[in-house]
Amino acid sequence: FKTLWDGNAQYIGQAVNLAPDVQVQAYNEIGIMGAVEISKFSIGARVKILNGLGDISTENRQLELYTDEEFYQLTLTNDFLINTSSFLTLDLENNDFDVNFSNINDISDLFQTKNRGIAFDIGATFTPIDRLRISASVSDIGSIKWEENVRNYHSKGTFTFEGLDLSPIITEGDTTISLEGLVDTLEQIYSFTESNNTYTTDLPMKMQLSGQYNSKVGLNVGALIYNESYRDINNMAVAVSLSKDLGRVFNIGAVYSYRNNTYDNLGVNFTLKLGPVQLFSHTDNIIPVFNPLNARNINYRFGLNLAFGKMEKEEQSVVPAFDE
């Protein structure tokens with residue numbers, strides 16, 4: 001965006017990648033989980049069968065603009081691939097993105113396609129002393145292979161623009177300059193060829209290490225380290241939390257976190273337990289409510305849980321230190 005807004009003078013002698021990175025994906029999962037307790041340890045794992053409903057994703061993602069530092073020639077290098085599958089489609093000729101359900105005969109087709117995958121979650125909990133719990137987990141280790149209604153759009157080429165020939169204006173007095181050849185060359189280089197090759201996308205793998213201490217007076221302290229690895233990018237977050245039980249039915253808390261290279265993330269949460277119904281509401285960053293134009297991220301969730309049977313008080317008061 002800085003290149004489009006301020007020009008390329010700030011990047012002389014550098015190659016700037018202008019290619020967009022797109023990932024739009026929908027899938028469902030069915031899983032089976034097992035866990036075992038050994039003394040103060042609890043170890044569990046989940047196997048998930050994935051069914052991909054639709055996908056638009058980019059590969060290669062190279063659209064580089066290089067400005068020569070001596071004569072300022074512009075060199076454009078292009079190697080860009082877009083994949084689509086199922087009901088998410090692109091029409092590059094008309095620059096249109098579409099959600100196309102024409103191939104769906106009944107509602108069951110939305111939940112069962114030929115796009116299959118598998119993923120795993122593993123985790124462990126350690127309770128060294130009463131009221132202190134340490135947990136670690138890795139989730140979404142897996143991928144989806146896209147085979148249904150697949151389309152691939154690939155564009156590749158290199159073009160160097162050395163300037164316009166002004167000699168006809170000087171020697172012949174011709175006041176017109178034709179850009180037809182330049183436009184035709186650019187259209188040829190940046191045109192897309194279509195194919196129908198299957199492809200695979202990985203899930204965003206998440207790793208968490210957390211600790212929670214619930215005191216006898218209802219004051220709960222938590223800390224968490226979180227990392228999400230996706231498409232060669234690691235997003236890390238560190239959070240600390242503090243919450244207070246107000247009786248046996250209400251819990252209120254606050255969360256401070258570092259995430260997405262920002263330090264001003266302050267969240268709040270509450271939990272209200274009414275018999276078997278547990279209402280909850282939490283956000284990881286309340287500051288954008290007061291300063292939305294400078295906000296980089298905010299998540300907000302609310303809902304309810306239904307819990308039956310006897311529960312320990314420590315279980316009721318646990319508030320997540322950080323929500324992805």
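A strand, in the sense used here, is a DSSP run of at least two residues labelled E, and strands are numbered from the N terminus. The structure shown above is a predicted model. Arginine 116 offers a starting point, for this residue is found in strand E7, which covers residues 116–126.

Before arginine 116 is followed further, the chain as a whole may be described. Its secondary structure comes to four helices and 18 strands. Of the 324 residues in the chain, 29% are buried. The accessible surface comes to about 20,300 Å², and carbon and sulfur atoms account for 58% of this area. Contacts across the sequence can also be considered: among those between residues at least 6 apart in sequence, 61% join residues at least 24 apart.

Arginine 116 has a relative accessibility of 45%. Because the partly exposed class lies between the buried limit of 20% and the exposed limit of 50%, arginine 116 counts as partly exposed. Leaving aside neighbours within four places in sequence, arginine 116 is in contact with Leu50, Asn51, Ile144 and Lys145. Glutamate 29 stands 87 residues from arginine 116 along the chain, and the C-alpha atoms of the two are separated by 10.0 Å. A polar atom of the arginine 116 side chain lies 2.9 Å from the backbone oxygen of threonine 113.

The backbone oxygen of threonine 113 leads to asparagine 51, since a polar atom of that residue's side chain lies 3.1 Å from this oxygen. Asparagine 51 is found in strand E3. With a relative accessible area of 5%, asparagine 51 is buried.

Lysine 48 lies in strand E3 as well, a strand that covers residues 41–67. Is lysine 48 buried or exposed? Its relative accessibility is 3%, so lysine 48 counts as buried. Beyond its neighbours within four places in sequence, lysine 48 is in contact with Glu29, Ile30, Gly31, Gly117, Ile118, Ala119, Asp121 and Asp140. One of these partners, isoleucine 118, is 70 residues from lysine 48 in sequence, yet their C-alpha atoms are 5.7 Å apart in space. With aspartate 140, the contact is polar: the side chains of lysine 48 and aspartate 140 meet at 2.5 Å.

Alanine 119, another contact partner of lysine 48, directs attention to the nonpolar interior. Which residues make up the largest nonpolar core? Seven residues do so, namely Leu50, Ala119, Ile144, Trp146, Val150, Tyr199 and Leu203. Apart from this core lies another, of five residues, among them Ala19, Phe80, Ile82 and Tyr153. Alanine 119 itself, with neighbours within four places in sequence left aside, is in contact with Arg46, Val47, Lys48, Leu50, Ile141, Gly142 and Leu203.

Aromatic rings provide the last topic. A pair of such rings is described by the distance of the centres and the angle of the planes. The chain has five aromatic pairs. In one of them, the ring centres of tyrosine 300 and phenylalanine 302 are 5.8 Å apart and the planes stand at 35°, so this pair is tilted. Tyrosine 300 has a relative accessible area of 51% and is therefore exposed. Phenylalanine 302, at 63% relative accessibility, likewise counts as exposed. An aromatic ring may also have a charged residue over its face: arginine 231 lies over the face of tyrosine 230, at 6.0 Å from the ring centre.

Terms used
Residues numbered from 1 in each chain as written. Predicted model: local features only at pLDDT ≥ 70, side-chain atom pairs only at ≥ 80, totals over all residues. Heavy atoms only, no water. Core = buried A, V, L, I, M, F, W, Y, C linked by side-chain atoms within 4.5 Å. Buried < 20%, exposed > 50% of the residue type's maximum accessible area, 1.4 Å probe, protein only. Contact = heavy atoms within 4.5 Å. Phe/Tyr/Trp six-rings, centres within 6.5 Å; stacked < 30°, edge-to-face > 60°. Lys NZ or Arg CZ within 6 Å of the ring centre and 35° of its normal. Polar contact = N/O pair within 3.5 Å; in protein donor to acceptor, adjacent residues only side chain to side chain. Areas by Shrake-Rupley, 256 points an atom, 1.4 Å probe, with all protein chains shown as cover.
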